[in-house]
Amino acid sequence: MSGNLPVQSVTADYAQRVADDLAANRSEQERVRSELARLQDELVRLEDSEQVLTKMQEGLGGTPKKQGAKQRKGSKGAVVPAARGSNSKTAAGKSAAAGRKASKKTVSPKKAGEPTWLELTTAYLGGQSEPRSAAEVAASLSEAHPERAAQVTVVRNTLELGVAQGLLERSKQGRSVFYSLTSPASAPSGS
């Protein structure tokens, strides 16, 4: 009987190691699934931002849409499928699809003949006696143009573009940033 004792002990040790390894494997799978879901959500947000920025660039007369489409087409191959056999698969897929649908509703494309965001913001700031924050400009543009969704980030980017082009001035008061039209004397000639 003493010959069987070490065999049973070794078998029990291996069985315990296998059980521990299996538990560790399952735990690591769950960690990777949650990280994958987080990265997929982040990718959806980045793709949505890219669409908004591309439309802004087109509206401002930037580079044609072809360049952005090529970049998006290349990134499609990098999308990682959701993990197999997991309930997180359907949850991640639904939240990603919901994020894409929601972003398409908030972006209203500029129709032919409509002024660009830069034209709208400079016209609004031209009628103001004091500098305005991006949030104030976005709220006023939303009121004045309800058919166009004026997101604060879009307006802020447009205001920064105006600053870069020398059409607008940026001033800071503490942590707040305010924008105003440049004075005629400091406006660049040739724009």
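Me: Is Ala134 buried or exposed?
Reply: Quick heads-up: this is a predicted model, where local features need pLDDT of at least 70, side-chain atom pairs count only at pLDDT 80 or more, and totals for chains, interfaces and linings use all residues. Residues are numbered from 1 along each chain as its sequence is written, and side-chain values use heavy atoms, leaving out hydrogens and water. Buried means under 20% relative accessible area, exposed over 50%, and partly exposed in between (1.4 Å probe, protein chains only). Ala134 has a relative accessible area of 6%, so the label is buried.

Me: Which residues does Ala134 touch, skipping those up to four places away in sequence?
Reply: Contact here means heavy atoms within 4.5 Å. Arg156 is 22 residues along the chain from Ala134, yet their C-alpha atoms are separated by 5.3 Å. The full set that Ala134 touches is Val152, Val155, Arg156, Leu159, Val177 and Tyr179.

Me: Where around α5 do its buried residues sit?
Reply: Helices are DSSP runs (H or I, at least four residues), and strands are too (E, at least two), numbered from the N terminus. In α5 the buried ones are Ala134, Val137, Ala138 and Leu141. Going by the directions from the helix axis to the C-beta atoms, they cover an arc of only 100 degrees, so they sit on the same side of α5.

Me: Which elements do those buried residues of α5 pack against?
Reply: Ala134 is in helix α5, and Val137, Ala138 and Leu141 are buried there as well. The buried residues of α5 pack against α4, α6 (152-164) and β2 (176-181).
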